[in-house]
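Please open the model in your viewer and keep the sequence panel beside it, so that each selection can be followed in both places. The tour moves from one selection to the next and says what is there at each stop.

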Amino acid sequence: MSRSTKASNALARLKERSGNQSYSMTMTGSGHFFLTEGPGQPPLCAPMELDDFVAFVNAQGPQKVKRVSKLDVAFEKQLAAKKTPKP
């Protein structure tokens, strides 16, 4: 059951990001998943294994912008400074 939960959570995130509540997933008898834009619609992908399906669904629709704090920015600057060779 956790297999379908992981896929269902990915689908819920896609619906939230895209605002399209009609997205639907189907699990085949062989345990593969595919995505459609609604019941009775053609598949948007070939049937995939769970991890491949979750990666595919996560790549669909608008992506959330990752929040970056001031401390993260300062840390990245320090790392970049360390990587540049000094003459």
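What follows is a walk through a predicted model, one selection at a time.

**The hairpin**

Begin by selecting residues 24-27, which make up strand S1, together with strand S2, and you will see the two strands pairing in the antiparallel sense over four bridges. The two strands form a hairpin with five residues between them, and in that turn glycine 31 has a positive phi of about 90°. To follow the pairing across the strands, pick threonine 26, which stands opposite phenylalanine 34 in S2, and then methionine 25, whose bridge partner in S2 is leucine 35.

Stay with S1 and select methionine 27, which is found in that strand. Is methionine 27 buried or exposed, or does it fall in between? With 44% relative accessibility, methionine 27 counts as partly exposed. Leaving aside neighbours within four places in sequence, methionine 27 is in contact with His32 and Phe33. If you add methionine 48 to the selection, the C-alpha atoms of methionine 27 and methionine 48 are 9.3 Å apart in space, while the two residues are 21 residues apart in sequence.

**The two faces of S2**

Now show the side chains of S2, which runs over residues 33-36. In a regular strand the side chains alternate between the two faces of the sheet. Both faces of S2 are covered here, since Phe33 and Leu35 on one side and Phe34 and Thr36 on the other are all buried.

At the end of this strand, select threonine 36, which counts as buried because its relative accessibility is 4%, where the cut-off for buried is under 20%. A polar atom of the threonine 36 side chain lies 3.1 Å from the backbone oxygen of glycine 38. Beyond residues up to four places away in sequence, threonine 36 touches Ser22, Tyr23 and Ser24 as well as Gln41, Pro42, Pro43 and Leu44.

**The loop before H2**

Next select glutamate 49, which has its place in the loop between S2 and H2. Glutamate 49 has a relative accessible area of 43% and is therefore partly exposed. Its side chain is joined to that of histidine 32 by a polar contact of 2.9 Å. Glutamate 49 is also 6.5 Å from phenylalanine 33, C-alpha to C-alpha, although these two residues are 16 residues apart in sequence.

**Helix H2 and the core**

Move on to helix H2, residues 50-59, and colour Leu50, Phe53, Val54 and Val57, which are buried. Why do these four residues lie on the same side of H2? They cover an arc of only 100° around the axis, and this puts them on the same side of the helix. Turn to the other side of H2, and you will find Asp51 and Ala59 exposed. After H2 comes glycine 61, with a positive phi near 70°.

In soluble globular proteins, nonpolar side chains tend to be buried together. To see the largest nonpolar core of this model, which has 14 residues, start from Leu35, Phe53 and Val57, the residues with the most contacts inside it. Helix H1 (2-18), S2 and H2 each supply at least two residues of this core. Select valine 57 and display what surrounds it: apart from neighbours within four places in sequence, valine 57 is in contact with Ala10, Leu11, Leu14, Arg17 and Leu35.

**From H1 to H2**

For the last stop, look for charged partners; how many salt bridges does the structure hold? The structure holds one salt bridge. Select lysine 6 and aspartate 51, which form a salt bridge with their closest N and O atoms 3.0 Å apart. Because lysine 6 lies in helix H1 and aspartate 51 in helix H2, the pair ties together parts that are 45 residues apart in sequence. Lysine 6 itself counts as partly exposed, because its relative accessibility is 39%.

Before leaving H1, select serine 8, which is also found in that helix, and which counts as partly exposed at 33% relative accessibility. Adding threonine 26 to the selection brings the tour back to the hairpin: the C-alpha atoms of serine 8 and threonine 26 are separated by 10.0 Å, and the two residues are 18 residues apart along the chain.

Conventions: Residues are numbered from 1 along each chain as its sequence is written. This is a predicted model: local features need pLDDT of at least 70, side-chain atom pairs count only at pLDDT 80 or more; totals for chains, interfaces and linings use all residues. Side-chain values use heavy atoms; hydrogens and water are left out. Buried means under 20% relative accessible area, exposed over 50%, partly exposed in between (1.4 Å probe, protein chains only). A polar contact is a pair of N or O atoms within 3.5 Å; within protein, one must be able to donate a hydrogen and the other to accept it, and residues adjacent in sequence count only if both atoms are side-chain atoms. Contact means heavy atoms within 4.5 Å. The arc is that of the directions from the helix axis to the C-beta atoms. A nonpolar core is a set of buried Ala, Val, Leu, Ile, Met, Phe, Trp, Tyr and Cys residues joined through side-chain atoms within 4.5 Å. Two strands pair if DSSP finds at least two bridges between them. A salt bridge is a side-chain nitrogen of Lys or Arg within 4 Å of a carboxyl oxygen of Asp or Glu.
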